[in-house]
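Subject: A structure for you to explore

Hi,

Here is the structure I promised to pass on. Please open it next to this email and follow along as you read.

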Amino acid sequence: MEVVAVIDFETTGLSPSQGDRATEVAAVIVEGGRVVDRYQSLMNAGVRIPAYIEALTGISNAMIRSAPPADAVMREVSDFVGGIPIVAHNASFDARFWDAELEHIQRERKQDFVCSLLLSRRLLPLAPSHKLGALVEYAKLPVAGRYHRALADAEMAASLLLRLEEELRLRHRVPEVSVDLLRRIQRASKAQLPRCLAAARGG
């Protein structure tokens, strides 16, 4: 598989369109079947963190007050990721915040997201849940740290991505896993999946 960046945000809420902002971001670069580089930072966007979010993430308003400005962090992480494909678990959420935070610094995303949640629904259909924590337990992946912290979640999503790649190669006998194939699989319905995998095998 090509080099990819697996990213994760922690935020003040669910929707940037409702004024929610990012409080932490992480990106891990995956190459040759392993994580080769990492970026992580808290970020201060000047928005208060609700108590229930603080309890969920462990990120407090005091921590954010001493964090670097969100604009500076987004410049750094977008430079770190560059133009390589981006992967996230429940990518629709992270893509919304990636785009919204880039907009604050007058930048635009150039690449599509790959969603490990959508991929896991197709490739690990027997998992009891497709939330990240449940998949980590189901696939016996290493727990990288506290859930709902950006770097730990990005590391675990990267482990999941590599497990899904292995599933394609070993169980489905796909000789070459590409980002383009992952995008096709995440768009495929359950009924379309066998044909999609057959095409990837060259059959």
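A word you will need straight away is "buried": a residue is buried when its relative accessible area is under 20%, exposed when that value is over 50%, and partly exposed in between, using a 1.4 Å probe and protein chains only. Val 28 is a good example, because at 0% relative accessibility it counts as buried.

Before going further, a note on the source: this is a predicted model, in which local features need pLDDT of at least 70 and side-chain atom pairs count only at pLDDT 80 or more, while totals for chains, interfaces and linings use all residues. Residues are numbered from 1 along each chain as its sequence is written, and side-chain values use heavy atoms, with hydrogens and water left out.

**Val 28 and its surroundings**

Val 28 sits in strand β2. Strands (E, at least two residues) and helices (H or I, at least four) are DSSP runs, numbered from the N terminus. Which residues does Val 28 contact, leaving aside its neighbours within four places in sequence? Among them are Val 4, Ala 5, Val 6, Val 35, Leu 151 and Ala 158; contact here means heavy atoms within 4.5 Å. Val 28 and Ile 84 are 56 residues apart along the chain, and their C-alpha atoms are separated by 12 Å.

**Helix α3**

Helix α3 covers residues 70-81, so to speak a run of 12 residues, and reaches 16 Å from its first C-alpha to its last, close to the 16 Å expected at 1.5 Å a residue. The expected span is 1.5 Å times one less than the number of residues. Its buried residues are Ala 70, Val 73, Met 74, Val 77, Ser 78 and Val 81. Seen down the axis of α3, they fall within an arc of 125°, so they line one face of the helix; the arc is that of the directions from the helix axis to the C-beta atoms. An α-helix has 3.6 residues a turn, so residues three or four places apart point the same way. The cover over the buried residues of α3 includes β1, β2 (22-31), β3 (34-42), β4 (86-88) and α4. Just after α3, Gly 82 has a positive phi of about 60°.

**Helices α8 and α9**

In α8, the buried residues are Val 179, Leu 181, Leu 182, Arg 183, Ile 185 and Gln 186. They are covered by elements including β1, β5, α5, α7 and α9. Take a look at Ile 185, which is buried with a relative accessible area of 0%. Leaving aside neighbours within four places in sequence, Ile 185 is in contact with Leu 119, Arg 122, Leu 123, Leu 168, Leu 193, Cys 196 and Leu 197. Ile 185 and Cys 196 are 11 residues apart in sequence and 6.9 Å apart in space, C-alpha to C-alpha.

Cys 196 belongs to α9 (residues 193-201), where Leu 193, Leu 197 and Ala 200 are buried along with it. Down the axis of α9, these buried residues fall within an arc of 95°, so they line one face of the helix. On the other side of α9, Pro 194, Arg 195 and Ala 199 are exposed. The buried residues of α9 are covered by elements including α5 (116-123), α7 and α8. Gly 202, just after α9, takes a positive phi of about 85°.

**Two loops**

The loop between α7 (150-171) and α8 (179-187) holds His 172, and Arg 173 is found there too. Is His 172 buried or exposed? His 172 counts as buried, at 18% relative accessibility, whereas Arg 173 is exposed, with a relative accessible area of 55%. His 172 touches Leu 123, Glu 167, Leu 197 and Arg 201, not counting residues up to four places away in sequence. Phi of Arg 173 is near 55°, a positive value in a residue other than glycine.

In the loop between α4 and β5 (113-115) you will find Gln 106. Its phi is near 55°, also positive in a residue other than glycine. Gln 106 counts as exposed, at 70% relative accessibility.

Enjoy exploring!
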